[in-house]
Amino acid sequence: MSQYIPNSDRDISEMLKQIGISDINELFSDISDGIKLDRDLKLPKAMAELELKRYIGAIAGRNETIENNSCFLGAGAYDHYIPSALSHIVSRAEFYTSYTPYQPEVSQGTLQAMFEYQTMICELTGMDVSNASVYDGATALAEACKMACAHTSRQTLLVSKAIHPHSRRVLNTYAKFSEIDIIEIGYEDGRISLKELKQYISKDIAAIIVQNPNFFGIIEDLKVVGELAHNNGSLFIVSVDPISLGILREPGSVGVDIVVGEGQSLGNPLNFGGPYLGFFATTKRLLRKIPGRIIGETKDADGKRGYVLTLQTREQHIRRERATSNICSNQSLNALTAAVYMALMGKEGLYDIANQCIQKSRYTYEKLLDIEGVEPVFDAPFFKEFIVKLNMDIAKLNKSLLDH
């Protein structure tokens, strides 16, 4: 410890004494001895900088990466091509070093970038207002559900089982500590079961939540589900793949109340699973209940255009009991990346990417079905992912695919 933190043995002894222990290992007494490392780390001796760089480079070179392999991971993490211009723009010092813009007079570049990001998310989703992002897609979904319960004064949610299982786990964690009840609705031919949905809908339901395209890649019928929600006085929440909105109708045009999603596919590399960003857009009537922060445009004393933090409904800014969320920051750099990506692509570019996703996934699907032992699971239209059934050991198949 003292190798990395400039405390003397005397300093450490005094700190331990203050908290009533004699050995630093007592801080970790709750951790079972069976999972503690009982030896020194297997590290080589100290090296010169040049030697260390070569050594680490050799280790990194043993990794299999998307640079020399095709990646079919999917499930919310996508290897879309990222234009080289993006990294050059995002790496500019006025963006790259940005943090919370508490002082707008010295944060105009950051604030304008987030304002542009919000604008593009609204155009993409067809919604009235967007926040300046939250942690990730799963968090955005959970925050939307909490917001729906607060708005309707109801505590039960109808959640499609065709939503990403990771998102459902995060939602269940939020719900457990917010006294929210969750009823999971099954699926028919890969889409949410309307029959089951009608059985569970009642005046206790705060919102109906679906994903589109869903975890199976299938496109849901948003209009029908939305009508069921609104006829019951409930909100309609949809988690979307932003790339799909290059070709599918924007959710706002079919009456969705809250649109959320994972923004990784908007120019953010896979990064071994993060950090990513969650986007969050809604209607004007729900504006003051939105989590996080909203950047707004205004004029200064000289009539010049300027940007400010317009809405900050988190605990750091208002009384805790009035906070809409405990979201304490936003993914500024990832959101900036998404904004630059959308600007570089434009409407036509996003359409082309979405169209290629549909064409190439359909081509792959049909080619796979030509192989003996590969069977379809669902018959509904899909976007960039699909499910097939194989009569073989999947672990062995994956190893064989990697070998080739």
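How many salt bridges does the structure hold by the rule that a side-chain nitrogen of Lys or Arg lies within 4 Å of a carboxyl oxygen of Asp or Glu? By this rule the count comes to six.

This is a predicted model, in which local features need pLDDT of at least 70 and side-chain atom pairs count only at pLDDT 80 or more, while totals for chains, interfaces and linings use all residues. Residues are numbered from 1 along each chain as its sequence is written, and side-chain values use heavy atoms, with hydrogens and water left out.

**Salt bridges**

Side chains of opposite charge can pair when their charged atoms come close. The table lists three of the salt bridges, each with the distance between nitrogen and oxygen.

| Pair | N to O distance | Location |
|---|---|---|
| R168 and E184 | 3.1 Å | helix 7 (residues 165-176) and strand 3 (residues 181-185) |
| R362 and E366 | 3.3 Å | helix 10 (residues 332-369) |
| D403 and K399 | 3.2 Å | helix 11 (residues 394-403) |

Helices (H or I, at least four residues) and strands (E, at least two) are DSSP runs, numbered from the N terminus. The salt bridge between R168 and E184 links distant parts of the chain, its residues being 16 apart in sequence. R362 and E366, in contrast, share helix 10 and are four residues apart, about one turn of the helix. D403 and K399 also stand four residues apart, about one turn of helix 11.

Accessibility is classed by relative accessible area: buried means under 20%, exposed over 50%, and partly exposed in between (1.4 Å probe, protein chains only). R168 is buried at 18%, and its partner E184 is partly exposed at 26%. In helix 10, R362 has a value of 39% and is partly exposed, as is E366 at 42%. In helix 11, D403 is exposed at 54%, and K399 is exposed at 55%.

**Aromatic pairs**

The structure holds eight aromatic pairs. Rings of Phe, Tyr and Trp (its six-membered ring) pair if their centres lie within 6.5 Å; planes under 30 degrees apart count as stacked, over 60 as edge-to-face and the rest as tilted. One of the pairs joins Y187 and F216, whose ring centres are 4.9 Å apart and whose planes meet at 65°, so the arrangement is edge-to-face. Y187 belongs to strand 4 (residues 187-188), whereas F216 lies in the loop between strand 6 (205-212) and helix 9 (222-231), so the pair ties together parts 29 residues apart in sequence. Y187 is partly exposed, with a relative accessible area of 38%, while F216 is buried at 12%. Both residues belong to one aromatic cluster, formed by Y187, F215, F216 and F378.

**A charge over a ring**

The charged end of K384 sits over the ring of Y78, 3.7 Å from its centre. A charge sits over a ring if NZ of Lys or CZ of Arg is within 6 Å of the ring centre and within 35 degrees of the ring normal.

**The surroundings of N268**

N268 is found in the loop between strand 8 (258-262) and strand 9 (278-282). At 5% relative accessibility, N268 is buried. Its side chain joins that of N334 through a polar contact of 3.1 Å. A polar contact is a pair of N or O atoms within 3.5 Å; within protein, one must be able to donate a hydrogen and the other to accept it, and residues adjacent in sequence count only if both atoms are side-chain atoms. Apart from neighbours within four places in sequence, N268 is in contact (heavy atoms within 4.5 Å) with I82, G263, L277, N334, T337 and A338.
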